[in-house]
Amino acid sequence: MKLTTKQVTLMGLLIALNVAIGGLVHVLKLPIYLDAIGTILATLLLGLLPGIIVGAVSFLVAAAIISPVYVYFIGTQAVIAVIIYLAASRLTAFKSLYRAVPLGIILGIITAIVSAPVIVYVFGGVAGSGRDLITAGLIST
């Protein structure tokens, strides 16, 4: 696969988007994960391999400047790219909002399943996110 200068530039911007949004969510301790928007856009606009590259590189950068935790979830980024690629190319999931919304829900469930073993086995169930604050609050009540 040969990428043009414009495509490589777009990949760099999408990596920056992932890192910037991931950093904002991390700093604000929000209980949501929005650090795959660039991965999804890269996969839709450029294809599967660029989507995986954007996800992996953005999480390597995020691990270096935000939190080392990110490096453990590179596999989740690859899974997101594969699901988006298959949904867009085989299932035409982005032709309407009625198809895209269920895909978003399914994507959330699948990525939670993929990430759960990492959170449990590597971090003992706590990964330092906003979700952990909610869990701690619920446990203390």
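At what angle do helix α2 (residues 37–46) and helix α3 (residues 48–65) pack, and how many Å apart are their axes? Before getting to that, keep in mind that this is a predicted model.

Let's start with the overall layout. The protein has 6 helices and 0 strands, so reading from the N terminus you just go α-α-α-α-α-α. There are 141 residues, and 34% of them count as buried. As for the surface, about 8200 Å² is exposed, with carbon and sulfur atoms supplying 75% of that area. Now look at how the chain meets itself: take the contacts between residues at least 6 apart in sequence, and 62% of them turn out to join residues at least 24 apart.

Back to the opening question. Helices α2 and α3 pack at an angle of about 160 degrees, and their axes lie 7 Å apart. Because angles over 145 degrees count as roughly antiparallel, α2 is roughly antiparallel to α3. As for handedness, the α2 and α3 crossing is right-handed.

Who actually does the touching? On the α2 side, the contact is made by G38, T39, A42, T43 and L46. Across from them, α3 brings in L48, P50, G51, V54 and G55. Sort the residues of this α2 contact with α3 by character and you get 5 nonpolar and 5 polar, with no charged residues. If you're wondering where the glycines went in that tally, Gly counts as polar here, and G38 of α2 and G51 and G55 of α3 are among the contact residues.

Notes
Residues are numbered from 1 along each chain as its sequence is written. This is a predicted model: local features need pLDDT of at least 70, side-chain atom pairs count only at pLDDT 80 or more; totals for chains, interfaces and linings use all residues. Side-chain values use heavy atoms; hydrogens and water are left out. Axes are lines fitted to C-alpha atoms, for helices over the stretch in contact, and angles run from 0 to 180 degrees between N-to-C directions. Helices (H or I, at least four residues) and strands (E, at least two) are DSSP runs, numbered from the N terminus. Angles under 35 degrees count as roughly parallel, over 145 as roughly antiparallel, 65 to 115 as roughly perpendicular and the rest as oblique. A crossing is left-handed if the near helix is turned anticlockwise from the far one by less than a right angle, and right-handed if clockwise. Contact means heavy atoms within 4.5 Å. Buried means under 20% relative accessible area, exposed over 50%, partly exposed in between (1.4 Å probe, protein chains only). Accessible areas come from the Shrake-Rupley method with a 1.4 Å probe; for residues, only the protein chains shown count as cover.
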